[in-house]
Amino acid sequence: MRCDRRLSRPYVLRFGFTPLYTRFVDVWDAVETLHDVLTSESWRAPEFAARGAVT
């Protein structure tokens, strides 16, 4: 499972699922983790504000 954030739409997250081996529990864990990050606002930490070079 991959998460992608596009710069053209900064408030949109895209999740790509591989149906061959993605289980329900994998999706559940991802949503639960995302909920925890958004609720605690840990994404606002300075180390996550740095932008890396685009390759």
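Here is a short tour of this structure, stop by stop, with something to select at each one. Keep in mind that the model you have open is predicted.

**The whole chain**

Start with the cartoon view of everything. The protein chain has one helix and two strands. Follow the chain from the N terminus and the elements come in the order β-β-α. Now switch on the surface: it comes to about 5400 Å² of accessible area, and 60% of that belongs to carbon and sulfur atoms. How many of the 55 residues count as buried? Just 2% of them do.

**The helix**

Next, select residues 24-40, which make up helix α1. If you like checking things by hand, pick the C-alpha atoms at the ends of α1: they are 24 Å apart. That agrees with expectation, because 17 residues at 1.5 Å each should span 24 Å.

**Two rings in α1**

Stay in the helix and show the side chains of F24 and W28. They form an aromatic pair, and the structure holds one such pair. The ring centres lie 5.9 Å from one another, with 35° between the planes. Is that stacked, edge-to-face or tilted? The pair counts as tilted, because its angle is neither under 30 degrees, as stacking needs, nor over 60, as edge-to-face needs. As for where the two sit, F24 and W28 are four residues apart in α1, so about one helical turn separates them. While you have F24 selected, colour by accessibility: F24 is exposed, at 65% relative accessible area.

**A first salt bridge**

Now look for charges. The structure holds two salt bridges. Side chains of opposite charge can pair when their charged atoms come close. For one of the bridges, select R23 and D26, whose closest N and O atoms are 3.0 Å apart. The two partners differ in cover: R23 counts as exposed at 52% relative accessibility, whereas D26 is partly exposed at 23%.

**Just past the helix: E41**

Move along to E41, in the segment after α1. Two things are worth a look here. The backbone comes first: which sign does phi of E41 have? The value is positive, near 55°, in a residue other than glycine. Most residues other than glycine have a negative phi.

Then turn to the side chain. E41 meets R44 in a salt bridge, 3.3 Å from N to O. E41 is partly exposed, with a relative accessible area of 41%, and R44 is exposed, at 53%.

**A nonpolar patch**

Go back towards the strands and select L13, F15 and F17. Together these residues make a nonpolar surface patch of about 260 Å². F15 is found in strand β2, which covers residues 13-16. Its relative accessible area is 34%, so F15 counts as partly exposed.

**Where helix meets patch**

For the last stop, select L34, which lies in helix α1. Which residues does L34 touch, leaving out those up to four places away in sequence? The contacts are L13 and F15, both of them members of the nonpolar patch you just saw. L34 is partly exposed, with 27% relative accessible area. Keep L34, L13 and F15 on screen together, and you can see a residue of α1 touching F15, which belongs to β2.

Terms used
Residues are numbered from 1 along each chain as its sequence is written. This is a predicted model: local features need pLDDT of at least 70, side-chain atom pairs count only at pLDDT 80 or more; totals for chains, interfaces and linings use all residues. Side-chain values use heavy atoms; hydrogens and water are left out. Rings of Phe, Tyr and Trp (its six-membered ring) pair if their centres lie within 6.5 Å; planes under 30 degrees apart count as stacked, over 60 as edge-to-face and the rest as tilted. Buried means under 20% relative accessible area, exposed over 50%, partly exposed in between (1.4 Å probe, protein chains only). The expected span of a helix is 1.5 Å times one less than its number of residues. A salt bridge is a side-chain nitrogen of Lys or Arg within 4 Å of a carboxyl oxygen of Asp or Glu. Patches are made of residues with over 30% relative accessible area and no salt bridge: like charges are joined within 9 Å, nonpolar side chains (Val, Leu, Ile, Met, Phe, Trp, Tyr) within 5 Å. Accessible areas come from the Shrake-Rupley method with a 1.4 Å probe; for residues, only the protein chains shown count as cover. Contact means heavy atoms within 4.5 Å.
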